[in-house]
Amino acid sequence: MGLYGVMTGKKGKSGFGSASTAEDVTHSIDASHLTAIITGGTSGIGLEAARVLAMRGAHVIIAARNPKAANESKEMILQMNPNARVEYIQLDVSSIKSVRSFVDQFLALNVPLNILINNAGVMFCPFKLSEDGIESQFATNHIGHFLLTNLLLDKMKSTARESGVQGRIVNLSSIAHTYTYPEGIKFQGINDPDGYSERRAYGQSKLSNLLHANALSRRLQEEGVNITINSVHPGLVTTNLFRHSGFSMKVFKAMTFLLWKNIPQGAATTCYVALHPDLKGVTGKYFGDCNIVTPSKFATNNSLADKLWDFSVKLIDSVSK
């Protein structure tokens, strides 16, 4: 959309722009026949996306780590919409064990799955390893969602086949995917504290979201499966993701205040890609401000995407043994 479009809210080809809200982009859409999982749906744009999907009639499962926050979010949605269908299943997306447990609990519900929104994330964290020994931003933002998606694919495929309704997967990426390590993905030093950069590690994890989406999109098309997967940049939104940010980020926010969105605007692109009928059959794309935008050269590198896929499978297998 460009800097001018972001600052002015000018609408793009989709009819929406940076000033559009999640309610705007889903106006008059009936999602009552859909079931959606959204990770990290207890705050910020994740909570807003969960609220709006439920408002449009979808059966929403909030996947989140904190039971107290999840139950409070559920109650807030129900207070605003007593007819909302919303549930909570605990998920720590940084933990491979927790991801597997979540999937088992969800499948036990014996409900369909039409939409998966991989929203949860951390940003700019000091170096730390997850319980599985994986750098925390890579573990949370990529590996957990990669595994979650793979484990839920059979359910999504059967739902799409039996219902005739196209399934949709949405990966929350970021414009920060352009600021990564020089090689794109630091395969030889993912868990190495030497040379660690909290900002480049975040960019690496967001690049991984894009590469994952593009690789899976190709695989699904080759199989002839009626499921799409796309990536989104929500825009600059003040949420608790910035809890690890320091003084430099405060200066940056002050200098770029015209570019920042509120939470309803920040959730718009996620909801647009998840629900809008104009995107039927659209897959392997990257969206910003509810319009297709061009990602980095790394993000469109199929060889890099395939290498990341194989690396992720092997990393998960090594932890699971």
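Which residues in α7 meet which residues in α11? The first view answers this, and the others move through the sheet and the cores of this predicted model.

**View 1. The contact between helices α7 and α11.**
On the α7 side, the residues are S208, L211, H212, A215, L216, R218 and R219. They meet N302, L304, A305, D306, L308 and W309 in α11. The axes of the two helices come within 9 Å and cross at roughly 95 degrees. An angle from 65 to 115 degrees counts as roughly perpendicular, so α7 is roughly perpendicular to α11. Sorted by class, this contact of α7 with α11 holds seven nonpolar, three polar and three charged residues.

**View 2. The contact between helices α6 and α11.**
Helix α11 also packs against α6, at an angle of about 90 degrees and with the axes 11 Å apart. The two helices are therefore roughly perpendicular to each other. From α6, the contact takes in F138, H142, I143, F146, L147 and N150. From α11, L308, W309, F311, S312, V313, L315 and I316 take part. By class, ten residues in the contact of α6 with α11 are nonpolar, three are polar and none is charged. L308 and W309 of α11 belong to this contact, and both also meet α7.

**View 3. The eight-stranded sheet.**
Eight strands make up an open sheet with mixed pairing, and their order is β3-β2-β1-β4-β5-β6-β9-β10. β3 (85-90) and β10 (291-292) are the edge strands; each has a single partner strand, so one side of each lacks a neighbour in the sheet. Helix α4 (residues 67-80) packs on the sheet and touches β2 and β3. The direction of α4 makes about 175 degrees with that of β3. Elsewhere, α7 lies across β5, β6 and β9, and runs at about 160 degrees to β6.

**View 4. Strand β1 and its pairing with β2.**
Strand β1 (residues 35-39) is mostly covered, with five of its five residues buried. T35, I37 and T39 point one way from β1, while A36 and I38 point the other way. β1 pairs with β2 in the parallel sense over five bridges. One residue to find here is I37, whose bridge partner in β2 is I61.

**View 5. V60 and its surroundings.**
Is V60 buried or exposed? This residue is found in strand β2. Its relative accessibility is 1%, and because buried means under 20%, V60 counts as buried. Beyond its neighbours within four places in sequence, V60 is in contact with A36, I38, A50, L53, A54, R85, V86 and E87. I115 lies 55 residues from V60 in sequence, yet their C-alpha atoms are 9.3 Å apart in space.

**View 6. Strand β5 beside β4.**
I115 also appears in this view, where its bridge partner in β5 is R168. Strand β4 (residues 115-118) and β5 pair in the parallel sense over four bridges. Six of the six residues of β5 (residues 167-172) are buried, so the strand is largely enclosed by the rest of the structure. G167, I169 and N171 point one way from β5, and R168, V170 and L172 point the other way.

**View 7. S173 and the pairing of β6 with β9.**
S173 is found in the loop between β5 and α7. With a relative accessible area of 3%, S173 is buried. Leaving aside neighbours within four places in sequence, S173 is in contact with K206, N209, L210, S231, V232, H233, P234 and Y286. Two of these contacts, S231 and Y286, are bridge partners, with Y286 in β9. Strand β9 (residues 286-288) runs parallel to β6, and three bridges join them.

**View 8. The largest nonpolar core.**
This core has 47 residues, of which I37, F102, F106, L148, L152, I169 and I185 touch the most other members. At least two residues each come from β2 (59-64), α5 (96-108), α6 (136-163), α7 (198-223), β6 (227-233) and α11 (302-320). The largest share is that of α6, which gives ten residues. Another core, of 38 residues, lies apart from this one and includes I29, L34, I45 and V60. Back in the largest core, L148 is in contact with T39, L91, V99, F102, V103, L116 and N118, leaving aside neighbours within four places in sequence.

Conventions: Residues numbered from 1 in each chain as written. Predicted model: local features only at pLDDT ≥ 70, side-chain atom pairs only at ≥ 80, totals over all residues. Heavy atoms only, no water. Core = buried A, V, L, I, M, F, W, Y, C linked by side-chain atoms within 4.5 Å. Buried < 20%, exposed > 50% of the residue type's maximum accessible area, 1.4 Å probe, protein only. Contact = heavy atoms within 4.5 Å. Axes fitted to C-alpha atoms, helices over the stretch in contact; angles between N-to-C directions. Parallel < 35°, antiparallel > 145°, perpendicular 65-115°, else oblique. Nonpolar A, V, L, I, M, F, W, Y, C, P; charged D, E, K, R; others polar. Pairing = 2+ DSSP bridges.
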